[in-house]
Amino acid sequence: DGSGWLGGVLGANGTTVGGGSGLLQGDAPFPDNGNVVTPTCVSFVDPQGTVGAKVLFNLAYGLPTLAFLVFLTMRLKPALRRLQRSQSQIMRTYYSFLWVVCGLNLFRCIFQIAESTNGSTERDIKSWSFVWLVTTAGMTVMEVSVVTFLSQGYIATGKEALIRTLGISGAVAFLDSIVKMILIFGCGTSLFIVKEPNGDDSTSDPLGWLQLDMSWVKWGFWTAHHILYCMVYGFILVLPHTALRDYLPARPSFYRYVALLCANNFGLVVGSMMIGSKDVSGYCVYGVFAYLYSVCYPPLLYMTFLSEFFVDDDLELEHQYYSEMREAGYFDDIDFQQ
C-alpha cells in the first residue's frame with residue numbers, strides 16, 4: 001500500500017518478510033526476482049551491496065581526508081616554523097593530533113577497501129572493530145581536549161595546562177573505549193557495523209539480521225552517547241549568558257564551532273532513536289550526520305583554532321622582513337611625509 005512497512009512484503013518463499021508484524025518502518029525492502037532487497041538507507045551506515053558499492057562508500061570517506069592531508073602538507077613548512085617560534089606546547093599537540101587522527105581515518109578507509117576487495121565473503125569483525133575503536137578514541141581525545149583546554153582560559157599555554165588537558169581528555173577517551181569494548185567483545189553487540197545478511201541463520205526471516213542490528217542495546221548506547229555530547233555543547237552555548245561567561249573565550253569562532261558540533265550530535269541522536277524504534281530511514285539520518293562528523297571535524301578544528309594561529313605567523317614574518325629592510329637602509333631615501 002506504499003506505507004513503507006515491512007510487514008506487508010512477501011519473501012521469496014511466499015512468507016511475509018518480518019513475520020507480518022510491521023516491526024520495520026521507513027525504507028522497506030522489496031523482493032527483486034525472488035530475493036529480498038536490502039533497504040537503501042542501510043547503505044548510508046554500511047553498504048551491503050557489491051564490492052564496488054563498498055569501495056565507493058569508503059572512498060567517500062577517504063578522499064576528503066586525503067585532500068585535507070594534502071592541504072596540511074602544503075602548509076607544513078610555515079606551520080612548523082610558526083610552532084617552533086611560538087613555543088606553544090598546546091598548539092603543537094593539537095597540530096600533531098590533527099595529523100594522527102587524519103592518518104588513522106585514512107588508514108581505516110584503506111583497511112576497509114582492502115578487506116572488501118580481498119575476495120572473502122566474511123569480515124574480520126575483531127580487526128574491523130579494533131580499527132574503529134582506535135580511530136574514534138583519537139577523535140574523542142581531540143574533541144574533548146579542546147573544551148578542556150579552553151575551559152581553563154585561552155591564555156593557558158603552560159606545561160601544567162597541557163598535562164591537565166591531556167589527562168582529562170585521555171581519561172574520557174579511555175573510559176569511552178572501555179565501555180565500547182565491553183559491549184563489542186563482552187556482550188557481542190556490534191556498535192559500528194550492520195551484520196551481514198548471511199551472517200545469521202538462526203531465523204527464517206530474510207531480514208532477521210537487520211532487526212537484530214536495530215536493537216536498543218546498540219542504538220540506546222549511541223543515543224545516550226550523543227545526548228551527553230549534545231548536553232555538554234548546549235551548556236557551553238548557554239554559558240555566555242550566565243555569570244560564568246568569563247570561563248570561556250569571547251571568540252565568535254569558538255561558539256560557531258560548538259554550535260555546529262551540538263547540531264551534529266542532535267542529528268545523531270535523532271537517527272539513533274529512529275533506528276532503535278525500528279524505523280529504517282533512521283539509517284539515512286544517522287549515516288549523513290556520521291559522515292559529516294568524520295569528514296568535516298578535522299578541517300573544522302583547523303579553521304577554528306589553528307588557521308588564525310598560523311596566519312599570525314605570516315603577519316609577523318612580513319613585519320620581520322620590513323624591519324630588516326628598514327635596518328638595512330632600503331627606505332632611507334623615501335620621504336614618508338610627502
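# Report on a predicted helical model

His225 has its place in helix 7. This report concerns a predicted model, and His225 serves as the starting point. With a relative accessible area of 14%, His225 is buried, because buried means under 20%. Leaving aside residues up to four places away in sequence, His225 touches Asp176 and Lys180.

## The two salt bridges

The two residues touched by His225 also pair with each other: the side chains of Lys180 and Asp176 meet in a salt bridge, at 2.8 Å from N to O. Both of these residues lie in helix 5, which covers residues 159–186. Lys180 and Asp176 are four residues apart, about one turn of the helix. Lys180 is buried, and Asp176 is buried as well.

How many salt bridges are there by the rule used here? The count comes to two. The other pairing joins the side chains of Asp213 and Lys218, at 2.6 Å from N to O. Asp213 and Lys218 are both buried.

| Salt bridge | Distance, N to O |
|---|---|
| Lys180 and Asp176 | 2.8 Å |
| Asp213 and Lys218 | 2.6 Å |

## The overall layout

The secondary structure of the protein consists of nine helices and two strands. In sequence order the pattern is β-β-α-α-α-α-α-α-α-α-α. The protein has 338 residues, and buried residues make up 45% of them.

Contacts can also be sorted by separation along the chain. Among contacts with a separation of 6 or more, 70% are accounted for by residues 24 or more positions apart.

Two pairs of residues give examples of positions far apart in sequence. Met91 lies in helix 3 and, at 7% relative accessibility, counts as buried. The C-alpha atoms of Met91 and Leu306 are separated by 7.5 Å, although the two residues are 215 residues apart along the chain. Ser307 is found in helix 9 and is buried, with a relative accessible area of 14%. From C-alpha to C-alpha, Ser307 and Ala79 are 9.6 Å apart in space, while in sequence they are 228 residues apart.

## The nonpolar cores

The largest nonpolar core holds 40 residues, and within it Tyr257 and Tyr297 touch the most other members. The elements that each give two or more residues to this core are helix 1 (51–74), helix 2 (76–86), helix 3 (89–116), helix 4 (125–150), helix 7 (216–238), helix 8 (252–276) and helix 9 (282–327). Which helix gives the most to this core? Helix 9 does, with nine residues.

The surroundings of Tyr297 can be listed, not counting residues up to four places away in sequence. Tyr297 touches Met139, Met142, Glu143, Val146, Tyr257, Leu261 and Leu292. Apart from the largest core lies another core, of 19 residues, among them Cys41, Ile184, Leu191 and Cys284.

## Helix 4

Helix 4 is one of the contributors to the largest core. Helix 4 has 26 residues, and the distance from its first C-alpha to its last is 38 Å. That value is close to the 38 Å expected at 1.5 Å a residue. Why can helix 4 be called largely enclosed by the rest of the structure? The reason is that 21 of its 26 residues are buried.

## The surface

The accessible surface of the protein comes to about 17,600 Å². Carbon and sulfur atoms account for 65% of this surface. One nonpolar patch on the surface, of about 580 Å², is made by Leu56, Leu59, Leu63, Leu66, Val70 and Met74. Of these residues, Leu63 lies in helix 1, an element that also gives two or more residues to the largest nonpolar core.

## A loop residue

Lys278 is found in the loop between helix 8 and helix 9. Its phi is near 70°, which is a positive value in a residue other than glycine. Is Lys278 buried, partly exposed or exposed? At 22% relative accessibility, Lys278 counts as partly exposed, because that class runs between the 20% limit for buried and the 50% limit for exposed.

How values were computed: Residues numbered from 1 in each chain as written. Predicted model: local features only at pLDDT ≥ 70, side-chain atom pairs only at ≥ 80, totals over all residues. Heavy atoms only, no water. Core = buried A, V, L, I, M, F, W, Y, C linked by side-chain atoms within 4.5 Å. Buried < 20%, exposed > 50% of the residue type's maximum accessible area, 1.4 Å probe, protein only. Contact = heavy atoms within 4.5 Å. Expected span 1.5 Å × (residues − 1). Areas by Shrake-Rupley, 256 points an atom, 1.4 Å probe, with all protein chains shown as cover. Salt bridge = Lys/Arg side-chain N within 4 Å of Asp/Glu carboxyl O. Patch = residues over 30% accessible without salt bridge, like charges linked within 9 Å, V, L, I, M, F, W, Y side chains within 5 Å.
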